[in-house]
Amino acid sequence: MRDWLKSLGHEYIVTDDKEGPSSEFQKHIKDADVLISTPFHPTYLTKEIMDTAKNLKIAVTAGVGSDHVDLNAANERKITVAEVTGSNVVSVAEHVVMTILTLVRNYQPSHEMITSGNWQVSNVARDCFDLEGKVVGTIGAGRIGYRVLQRLKPFDCKELLYYDYAELPAEANKAVGARRVEDLNEFLSQCDVITVNAPLHEGTRNLINKDTLKHVKKGAWIVNTARGAICNAEDIAAAVQSGQISGYGGDVWNVQPAPKDHPWRDMQGPRGRGNNMTPHMSGTSLDAQARYAAGTKEILDNFFHGKPQTPANVIVENGQYATKAYGQRK
Ligand code: NAP
């Protein structure tokens, strides 16, 4: 990126110093025409920061998920927000399947037993199950949610369910054999495993909280690689700790980097089970990085040459939400 931008005569500033008014980010955003950021260690582009960014024309998310940008404020200022749609969907779907398996099979406490020099098989086997025969459901059956369903198909689950605004196209649904449940509480009450694959917007923020958790089957597992704020941090930690749910895993946090005392860092269920959290890394495998770097370059190339962006990549443009309903759902 650096050599390419330099060859076009642009100045390219790279920094991870982002906090506070004297940070490199807040200093340089005042002149920048373009901001590139990732969701993994996000640069929160707030209304207040946009007020100082007089030249900013486009904010590119190198990855998928642009909720770290105040999209309404971007619209008011006619700043384009674009992301590299699809660039890391396989990477995340693989992480979801891994996290489901490690939770259901109680992998983490079993591994820790070995590294701590112990061998009490029954202590870990009592929380270990097969995925076969379980009901697994995804909230959101878009690019990632559908790929999760595809990857789970060979595990002979009892049923695959999805909760989304729309039915999957007939052919796509035939391939995975999933059933749509239209009511969220009904959906939650039928799943042994729930995976969250919807974007964060006003309709999904705090979707899984102490009230909706009442509908979740006792002992279910929840995996969220979409956005941390879709699940209420305190309510999830309490449900894991009490054993109401058998575990929670994923890589996304309501604040990133997560503070040292975030309840998801050290929550544990009975017998040390049920915490499969990682830092936000599922969508930033090296394979994914190559794809979203290429996609970012394409978005910038379109921008420099006044060419239209690939519609699926556009979140907001010309003061309006683009074709995706992102950010507008209630
Ligand atoms: P996508 O293709 O747009 O799919 C999201 C699906 O969720 C769409 O079908 C959408 O419907 C649906 N949806 C929206 N609101 C919903 C709600 N309230 N209830 C049920 N379904 C709802 O997006 P994707 O590529 O699969 O990515 C999903 C999210 O994963 C991203 O927005 C991002 O936040 C997250 N992500 C995380 C990582 C990571 O590294 N952990 C990487 C990539 C993405 P409509 O299209 O009709 O709105």
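Start by selecting L103, N106, D127, F129, W221, S246, R273 and G274: together they line the largest cavity in this structure. You are looking at a predicted model, so treat the tour as a walk through a prediction. Show those residues as sticks and look at the space between them, which comes to about 50 Å³. How many cavities of 30 Å³ or more are there? The count is one. Try colouring the lining by class, and you will find three nonpolar, three polar and two charged residues.

**Two annotated spans**

Next, select residues 98-281. An unreviewed UniProt entry lists this range as "domain: D-isomer specific 2-hydroxyacid dehydrogenase NAD-binding". In cartoon view, the span is 34% helix and 15% strand. Place a distance marker between the C-alpha atoms at its two ends, and it should read 13 Å.

Now widen the selection to residues 7-311. For this range the UniProt record, also unreviewed, gives "domain: D-isomer specific 2-hydroxyacid dehydrogenase catalytic". Here the chain is 36% helix and 13% strand, and the end C-alpha atoms lie 27 Å apart.

**The five-stranded sheet**

Turn to an open sheet of five strands, and follow it in the order β1-β2-β3-β11-β12. The pairing in this sheet is mixed. Which strands stand at the edges? They are β1 (34-37) and β12 (320-321); each has a single partner strand, so one side of each is left without a neighbour in the sheet.

Zoom in on the β12 end. Strand β11, residues 314-317, pairs with β12 in the antiparallel sense, over two bridges. Pick E317 and look across to β12, where its bridge partner is Q320.

Then move to the other end of the sheet and select residues 286-304, which form helix α14. This helix lies across β1, β2 (58-61) and β3 (80-83). Compare its direction with that of β2: the helix runs at about 165° to the strand.

**Two loop stops**

For the last part of the tour, look at some backbone details. Select Q256 and P257 and show the peptide bond that joins them. Is this bond cis or trans? The bond is cis, with omega near -5°. P257 sits in the loop between β9 (247-250) and α13 (263-266).

Finally, go to N206, in the loop that links β7 (193-196) and α11 (210-213). Phi of N206 is near 65°, a positive value in a residue other than glycine.

Conventions: Residues numbered from 1 in each chain as written. Predicted model: local features only at pLDDT ≥ 70, side-chain atom pairs only at ≥ 80, totals over all residues. Heavy atoms only, no water. UniProt positions renumbered as here; feature names shortened; annotations may be inferred. Helix = DSSP H or I, 4+ residues; strand = E, 2+ residues; numbered from the N terminus. Pairing = 2+ DSSP bridges. Contact = heavy atoms within 4.5 Å. Axes fitted to C-alpha atoms, helices over the stretch in contact; angles between N-to-C directions. 1 Å grid on protein atoms, 1.4 Å probe; cavity = no way out; pocket = protein on both sides within 12 Å on 5 of 7 lines; lining within 4 Å. Points joined across faces, edges and corners; volume = space filled by probe spheres on them. Nonpolar A, V, L, I, M, F, W, Y, C, P; charged D, E, K, R; others polar.
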